[in-house]
Amino acid sequence: MSCQKNLDSLVKEVFAINQQELPENAYLVGGAVRDALLNRQKDYIDLDFVVPEKAIEIAQTIAHHYKAGFVVLDAVRQIARVVFPQGTLDFAQQEGESLEIDLKRRDFTVNALAYNLHTQEIFDPLGGLKDLGCQSLRMISRENLQDDPLRLLRAYRQAAQLDFEIEPHTRATIRSLAPLLRRVAAERVQSELNYLLLNSRGNKWLKSAWEDGLLSLWLRRITPAKMERVMGVEAAAGFLESLLPEKFIFSPSQLQLTKLALLVSDILAEAEKELIDLKYSRGEIRTVITVIKCLPPLKEPDNLSLREQYFIYLNTGKVFPVFALFALSMGINKNIVASLLTSYLDPDNIIAHPRPLLRGDDLINHLHLKPSPIIGKLLTEVQIAQIEGKVTVFQEAIDFAKKLL
Ligand SMILES: Nc1ccn([C@@H]2O[C@H](COP(=O)(O)OP(=O)(O)OP(=O)(O)O)[C@@H](O)[C@H]2O)c(=O)n1
Ligand SMILES: [Mg+2]
């Protein structure tokens with residue numbers, strides 16, 4: 001069976017581990033078994049082993065033997081990790097009196113399959129193989145979802161990742177338990193949510209997770225209209241990419257931040273609070289808030305002055321592509337957005353990438369000024385005058401500043 005070959009080769013070829021190094025009662029469990037059965041391949045491989053005892057010692061011995069890294073992840077529950085460049089091997093002590101009890105405590109049946117490398121047998125006490133064949137995520141029990149409510153959101157992430165359906169009774173149960181997700185550490189929620197935001201495969205399941213009440217605990221002001229805009233982000237990105245002269249491709253994180261900007265509250269303070277609560281980084285929060293703040297001038301594109309364009313580029317800086325994608329998704333005229341993005345990608349464009357004629361010191365020396373906030377204001381006005389073609393050389397710039405004073 002190809003699954004056995006896949007799993008044996010992961011251990012023997014990818015990690016170059018001799019099977020004899022593993023105890024006979026070690027079982028490979030979780031995603032690796034599931035993915036091998038599905039013939040899914042990953043760049044970075046995480047293998048989870050369950051052993052009845054001595055998990056930390058076993059991990060330590062293997063790490064020592066293969067000169068790999070070693071970390072104790074949980075001394076109480078006896079979980080340790082061996083770190084190879086190509087991936088990690090986790091060894092965990094089985095939870096409960098038997099492997100079967102351990103598997104019964106997990107989230108979904110397809111994640112509760114175990115494989116023994118010595119006997120090359122799959123242990124399937126919960127019907128995981130059948131569900132795998134039907135591409136179905138079925139909970140092991142309602143209690144298991146309650147025990148770790150992150151599993152409620154994991155269902156949508158894994159459905160997106162595996163292109164599975166959530167079995168109807170499981171989905172109804174998730175819906176009824178949705179409020180429990182509030183209890184889960186925000187970092188864990190964020191990491192599941194990010195998967196749903198990073199690529200188009202997540203879209204359908206992002207929407208389902210919202211419809212089933214899982215997102216409104218964190219992003220309270222999502223509306224059907226906002227969700228529809230999110231569903232269109234990849235198409236908007238594709239449209240901009242096709243128009244641009246040079247090869248430009250939006251990165252997954254640019255798509256993700258655009259979608260976040262489309263989903264957060266329209267009230268800026270609330271939007272910021274939502275992102276802080278989800279433990280997004282300062283940089284991510286700044287990006288989202290900036291693109292929202294910079295949008296208003298584009299709503300009246302006929303009156304978009306050079307001054308306004310200058311400030312948009314100045315305030316968005318490196319995150320301008322996210323701004324462009326956000327603006328297009330918000331219904332701003334596509335020609336305007338495409339032309340602004342084209343200018344941004346042109347390093348010689350003076351509005352997007354101004355080359356100042358003056359520096360603060362020049363104003364201080366030539367106009368005999370003292371350092372003060374006025375200097376900054378003058379520099380901005382001179383810069384805008386240069387963009388508007390009113391000044392082109394150093395002396396004109398000085399004279400212009402002098403008149404302003
Ligand atoms: N909240 C969780 C997290 C994990 N698990 C169990 O631990 C295994 C390993 O977890 P993890 O590596 O997080 O997920 P995978 O299913 O392996 O999926 P992937 O690594 O591809 O994301 C899962 O298969 C599942 O059996 C669980 O029951 N509940
Ligand atoms: Mg895994």
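In the predicted model, the largest pocket is the space taken by ligand 1. Domain 1 (1-128) and domain 2 (134-217) both contribute residues to the shell around ligand 1, so the ligand lies between them. The protein covers 80% of the 560 Å² of accessible area that ligand 1 has on its own.

The shell comprises 16 residues, and the closest of these are Arg34, Lys42, Asp148, Arg151 and Arg157. By residue class, the surroundings of ligand 1 contain eleven charged and five polar residues, and no nonpolar ones. Three secondary-structure elements, α2 (31-37), β2 (45-51) and α7 (150-162), supply at least two shell residues each. Among the contributors, α7 gives the most, with five residues.

Polar contacts to the ligand involve both side-chain and backbone atoms of the protein. An N or O atom in the side chain of arginine 151 is placed 2.8 Å from a nitrogen atom of ligand 1. Arginine 151 is also listed among the closest residues of the shell. For glutamine 158, an N or O atom of the side chain lies 3.2 Å from an oxygen atom of the ligand. At glycine 31, the contact is made through the backbone, where an N or O atom is 3.1 Å from an oxygen atom of ligand 1.

Key:
Residues numbered from 1 in each chain as written. Chains lettered and ligands numbered in written order. Predicted model: local features only at pLDDT ≥ 70, side-chain atom pairs only at ≥ 80, totals over all residues. Heavy atoms only, no water. Near = heavy atom within 4 Å. Polar contact = N/O pair within 3.5 Å; in protein donor to acceptor, adjacent residues only side chain to side chain. Areas by Shrake-Rupley, 256 points an atom, 1.4 Å probe, with all protein chains shown as cover. 1 Å grid on protein atoms, 1.4 Å probe; cavity = no way out; pocket = protein on both sides within 12 Å on 5 of 7 lines; lining within 4 Å. Sits in = over half its atoms within 2 Å of the grid points. Helix = DSSP H or I, 4+ residues; strand = E, 2+ residues; numbered from the N terminus. Nonpolar A, V, L, I, M, F, W, Y, C, P; charged D, E, K, R; others polar. Domains from an automatic or database assignment.
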